[in-house]
Amino acid sequence: MYYIDPHIHMVSRTTDDYDTLAKMGCVAVSEPAFWAGYDRGTVDGFRDYFNQLTDFERRRAAGFGIQHFTWLCINAKEAENVSLAREVIALIPEYLDRPGVLGIGEIGLNKNTRNEAIVFLEHLELAFKTNEQILIHTPHLEDKYQGTRMILDMLIGDSRVDRSRVLVDHVEEHTIRPVLEAGFWAGMTLYPVSKCTPARAADMVEVYGPERTLVNSAGDWGVSKPTAVPDFILEMRRRGHAESLIRQVVYDNPVAFFSQSRGWKPVHPCG
Ligand SMILES: [Zn+2]
């Protein structure tokens with residue numbers, strides 16, 4: 001089955017990973033800007049990263065027949081340096097019309113601090129001004145419920161937010177319902193050690209239905225599995241779900257969400 005990984009950090013992955021993804025049916029990846037594992041010290045560090053995301057990584061993916069899309073931002077983990085964050089936000093518009101750029105992301109909260117909220121709201125202002133879609137990171141583990149609530153309150157409190165153009169990622173059993181009920185898209189991140197397993201994601205699709213749900217691997221520089229979406233496909237098949245339902249979650253839904261962005265180009269062969 002052809003599929004799209006809507007949230008994966010390919011700059012951290014090898015060419016072998018691209019080769020494996022292609023052989024498993026991956027036709028497109030979407031890569032949000034992420035924390036490098038260390039805080040970048042200057043705005044030029046972000047300039048280099050945005051060039052990598054919008055140029056070199058795109059070509060590297062194309063070498064394996066995979067279309068590469070990306071999202072730009074400064075990650076919440078670096079938001080404590082508000083003045084640097086503002087410099088980065090001012091830099092982003094230079095890159096928004098490059099091919100494959102889908103919007104602003106992954107923005108959100110990490111430890112739910114005041115500075116993170118300030119930087120989140122300034123990213124939102126940029127998204128409104130430039131009419132960009134938004135991809136949201138919700139915090140991990142003990143910070144997830146409160147952080148998700150704070151993010152949803154900020155989004156719902158602003159009438160300029162078009163909820164059909166916002167994807168809230170890393171939802172789990174205790175956060176998926178308010179995300180879907182408010183009209184946002186919900187992404188489930190399949191991680192071997194935290195977040196969600198393929199079986200738990202399959203449970204959530206069974207409970208909440210496939211509408212506006214996506215699954216991703218978030219494959220990054222930590223312990224993660226870039227082939228987690230095929231694991232979800234196999235889990236759904238094992239449970240006897242129709243191919244059309246599985247395809248909706250792993251292919252049709254990412255296409256429906258991403259195609260609202262001017263940076264989207266239909267992917268071969270199903271799009
Ligand atoms: Zn991520």
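**Close-ups of a predicted model**

**View 1. A facing pair in strands 6 and 7.** V168 sits opposite A186, a residue of strand 7. This is a predicted model, and here we look at how strand 6 (residues 166-169) and strand 7 (residues 185-189) pair: the sense is parallel, over two bridges. Strands of a sheet pair through backbone hydrogen bonds, in either a parallel or an antiparallel way.

**View 2. The whole sheet.** Zooming out from that pair, we find eight strands in an open sheet, ordered 1-2-3-4-5-6-7-8, with parallel pairing. Strand 1 (3-5) and strand 8 (213-216) are at the edges; each has a single partner strand, so one side of each has no neighbour in the sheet. On average, neighbouring strands here are turned by 25 degrees against each other, direction ignored.

**View 3. Helix 2 from end to end.** Helix 2 takes in 20 residues, 43-62. Count 1.5 Å a residue and it should span 28 Å; the C-alpha atoms at its ends are 28 Å apart, so the two agree. There's a bend along the way, though: about 40 degrees, at Q52.

**View 4. Helix 2 against the sheet.** Here helix 2 lies across strand 2, strand 3 and strand 4, and it runs at about 165 degrees to strand 3.

**View 5. The buried residues of helix 2.** Which residues of helix 2 are buried? They are F46, F50, L53, T54, E57, R58 and A61. What do the buried residues of helix 2 pack against? Their partners are helix 1 (15-23) and helix 3 (82-91), along with strand 2 (26-32), strand 3 (67-72) and strand 4 (101-108).

Technical notes: Residues numbered from 1 in each chain as written. Predicted model: local features only at pLDDT ≥ 70, side-chain atom pairs only at ≥ 80, totals over all residues. Helix = DSSP H or I, 4+ residues; strand = E, 2+ residues; numbered from the N terminus. Expected span 1.5 Å × (residues − 1). Bend = angle between axes of the 7 residues up to and from the residue. Buried ≥ 20, exposed ≤ 12 C-beta atoms within 10 Å, placed from the backbone. Contact = placed C-beta atoms within 7 Å. Pairing = 2+ DSSP bridges. Axes fitted to C-alpha atoms, helices over the stretch in contact; angles between N-to-C directions.
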